[in-house]
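Thanks for asking me to look this one over. My notes follow as numbered points, and I hope they help as you go through the model.

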Amino acid sequence: MTEPDFLTATRTAYDDAAAHYAEILPERFHANPLNYAMISAFAELVRADGDGLVADAGCGPGHVTAYLRSLGVTAFGVDLSPEMIVLARDAYPELRFEVGLMDALRAEDASLAGVLANYSILHIPPERLPATLTEFHRVLAPGGHLLLGFPAYDDPAELAKAFDHPTALAYQYSPDRLAALLLQAGFAEVARLLIAPREDSKLGISHAYLLARRTAPGPRA
Ligand SMILES: C[S@@+](CC[C@H](N)C(=O)[O-])C[C@H]1O[C@@H](n2cnc3c(N)ncnc32)[C@H](O)[C@@H]1O
C-alpha cells in the first residue's frame, strides 16, 4: 500500500532535523514545569493501576520516554523517523525505542496501561485524527490512560487549522473539539491544561494537554 504523502514528508523532515531536535527538545521540555504537571500526573495514574506498559507515541529523541521512566513507569518510544530512533537509542540505551507509526502501533489489543502523544499529533491531518484515536483506544486496556499534548487554539467551531511549523505541515487543535472526538472514540475526558501563548517564546502559540481515560468498548457509531 502506498504511504500517504504527509507521512513521507514528515519522516523526511524529522530525519533531516533529528540532530537539531535532539538538542533543543529536551531543553524546552525541561524548562517548563507545566509539562511535568500533566505528565507526572499521568504517570501517577498509570502507576496507581499497577505496573503497566506505556507507549510514548512520536517520542522524538526519547527525553519524555526517559522522564516517564524516571517516574517509575515502564515506557517505550515509537517514532516514524528512523534518525530520531537512532538518537533516542544512543541517548537512552537502557530504554526500548522502535520505528513505527502512531496509528499502527505494534501492540496487542488492550495491552497498554497508557499512551502519551506529546506534541506529535500536531502532524496528523484532522481527517485522520479519528483513526489515530481509535488506534490508541485499541491498544489501551479498559480504564487505561491517554495524554495528548498539542498546539491549541480557541475556536471551538473548527477542529484544526494548519500553522506555520518550521519542520513539517502541522495543525493546532481545538481542545473542545478534540475532547468531543475523544468521547466518540470511547474515552472520557479527565482533565485539561491550557498554557498561554505568551509562554511559547518561539512560536507564540497556546499549548494544551488533554488527559482522558478509556471507557467505552469501542468507537461510537
Ligand atoms: C515535535 S516532535 C515531539 C517529540 C517529543 N514527543 C517531544 O515531546 O519533544 C514530533 C515527533 O513526532 C513524530 N511523528 C510525527 N508523526 C508521527 C506519526 N504518524 N507516527 C509516529 N511518530 C510521528 C516525529 O517524527 C517527531 O519525532
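1. Which residues in α1 meet which residues in α2? On the α1 side they are R28, F29, H30 and A31, and on the α2 side P33, N35, Y36 and I39. Contact here means heavy atoms within 4.5 Å. Helices (H or I, at least four residues) and strands (E, at least two) are DSSP runs, numbered from the N terminus.

2. A word on the ground rules. This is a predicted model, in which local features need pLDDT of at least 70 and side-chain atom pairs count only at pLDDT 80 or more, while totals for chains, interfaces and linings use all residues. Residues are numbered from 1 along each chain as its sequence is written, and side-chain values use heavy atoms, with hydrogens and water left out.

3. Back to the first helix pair. Two packed helices are described by the angle between their axes and the distance between the axes. The axes of α1 and α2 (residues 33-48) come within 5 Å and cross at roughly 80 degrees. That makes α1 roughly perpendicular to α2. The axes are lines fitted to C-alpha atoms, for helices over the stretch in contact, and angles run from 0 to 180 degrees between N-to-C directions. Angles under 35 degrees count as roughly parallel, over 145 as roughly antiparallel, 65 to 115 as roughly perpendicular and the rest as oblique. The residues of this α1 and α2 contact divide into five nonpolar, two polar and one charged. In this scheme Ala, Val, Leu, Ile, Met, Phe, Trp, Tyr, Cys and Pro are nonpolar, Asp, Glu, Lys and Arg are charged, and the others, Gly among them, are polar.

4. Now the α1 and α3 pair. The axes of α1 and α3 come within 10 Å and cross at roughly 45 degrees, and the two helices are therefore oblique to each other. From α1, the contact draws on L25, P26, F29 and H30, and from α3 on H63, V64 and Y67. By class, the contact of α1 with α3 has five nonpolar, two polar and no charged residues. F29 and H30 are thus worth a look in both places: they are listed in the contact with α2 and in the contact with α3.

5. What do F29, Y36 and Y67 form? They form one aromatic cluster. Rings of Phe, Tyr and Trp (its six-membered ring) pair if their centres lie within 6.5 Å; planes under 30 degrees apart count as stacked, over 60 as edge-to-face and the rest as tilted. By this rule the model has five aromatic pairs. F29 and Y36 have ring centres 5.9 Å apart and planes at 70 degrees, so this pair is edge-to-face. The rings of F29 and Y67 are also edge-to-face, because their centres are 5.5 Å apart and their planes are at 70 degrees. The F29 and Y67 pair links distant parts of the chain, with F29 in α1 (residues 5-31) and Y67 in α3 (residues 63-70), 38 residues apart.

6. How exposed is that cluster? Buried means under 20% relative accessible area, exposed over 50%, partly exposed in between (1.4 Å probe, protein chains only). F29 is buried at 4%, and both F29 and Y67 are buried, whereas Y36 is partly exposed at 26%.

7. L68 also lies in helix α3 and is buried, at 0% relative accessibility. Leaving aside its neighbours within four places in sequence, L68 is in contact with I39, F42, A43, V54, V73, A75 and L116.

8. S81 and D15 make a good pair to inspect together. S81 lies in the loop between β2 (74-79) and α4 (82-91) and is buried at 0% relative accessibility, while D15 is in helix α1 and is partly exposed at 22%. With neighbours within four places in sequence left aside, S81 is in contact with R11, Y14 and D15, and D15 with S81, P82, E83 and M84.

9. Two residues deserve a backbone check. Phi of A110 is near 55 degrees, a positive value in a residue other than glycine; A110 is in the loop between β3 (96-99) and β4 (112-118) and is partly exposed at 36%. Phi of Y119 is likewise near 55 degrees; Y119 is in the loop between β4 and α5 (129-139) and is partly exposed at 23%.
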